[in-house]
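This briefing goes through the strands, the nonpolar cores and a few individual residues of one structure. Please keep the sequence and the coordinates at hand while reading.

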Amino acid sequence: QEGDLTSIVPMMESEDLITWQRATSVFNEDTKPTFIDGVLPACPEIAEVAGKYLLYYSLSESYGNSGIGVAVAGLVSGPYVDKGSVIKASGGVSGVSSPAFICDNGTNYLVFGNFNGSPALQWRLG
């Protein structure tokens, strides 16, 4: 339902790509990511890889305490199971956000932003 605080990363559906309604949520209070405590996931990106759906998301409490996690499902509509952190900010990376999945010539990459204004970074998956 709209405004439901237990709805975390709502999923929308449409039959005509004009009128949208909430279908479900990826997470709720019991299933939300916790590898960075006290913040909610943002910037979701879904990619289909080898018959599975991977939902990448970012968590950020501060510049030095942020990361990207992933949840996995057999259907794009879910249900998704959180697998936790795949990237955590450290060293010269002062925060990560806005994950985007890219497949280039059979190689999978996760591209993400950096809070300090540096160019986008990429991480080769697998």
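Which residue in β5 stands opposite Tyr53? In this predicted model, the residue facing Tyr53 across the strand pair is Ala73 of β5. The points below begin with the pairing of the strands and then turn to the cores, the salt bridge and Ser66.

**Strand pairing**

- Strand β4 is paired with β5 in the antiparallel sense, and nine bridges join the two.
- Strand β3, which covers residues 42-49, also pairs with β4 in the antiparallel sense, in this case over six bridges.
- Within the pairing of β3 and β4, Val49 has Lys52 of β4 standing opposite.
- The hairpin that β3 and β4 form has two residues between the strands, and Ala50 there takes a positive phi near 50 degrees.

**Nonpolar cores**

- The largest nonpolar core has 14 residues, and those that touch the most other members are Val9, Val26, Phe27, Leu55, Tyr57, Leu59 and Tyr80.
- At least two residues of this core come from each of β1 (8-13), β2 (21-27), β4 (52-62) and β5 (65-73), and β4 supplies the largest share, with four residues.
- When residues up to four places away in sequence are not counted, Val26 touches Ile8, Val9, Met11, Thr31, Leu55 and Tyr80.
- Another core, of eleven residues, lies apart from the largest one, and among its members are Leu54, Val70, Val72 and Phe112.

**The salt bridge**

- A search of the whole structure finds one salt bridge, and the side chains that meet in it are those of Lys32 and Glu29, at 2.9 Å from N to O.
- Side chains of opposite charge can pair when their charged atoms come close.
- Lys32 counts as partly exposed because its relative accessibility is 25%, a value that falls between the 20% limit for buried and the 50% limit for exposed.
- Glu29 is likewise partly exposed, since its relative accessible area of 39% lies between those two limits.

**Ser66 in β5**

- Is Ser66 buried or exposed? Ser66, which has its place in strand β5, counts as buried because its relative accessibility is 1%, and buried means under 20%.
- Ser66 and Lys88 are separated by 22 residues in sequence, while in space their C-alpha atoms are 5.9 Å apart.

Conventions. Residues numbered from 1 in each chain as written. Predicted model: local features only at pLDDT ≥ 70, side-chain atom pairs only at ≥ 80, totals over all residues. Heavy atoms only, no water. Core = buried A, V, L, I, M, F, W, Y, C linked by side-chain atoms within 4.5 Å. Buried < 20%, exposed > 50% of the residue type's maximum accessible area, 1.4 Å probe, protein only. Contact = heavy atoms within 4.5 Å. Pairing = 2+ DSSP bridges. Salt bridge = Lys/Arg side-chain N within 4 Å of Asp/Glu carboxyl O.
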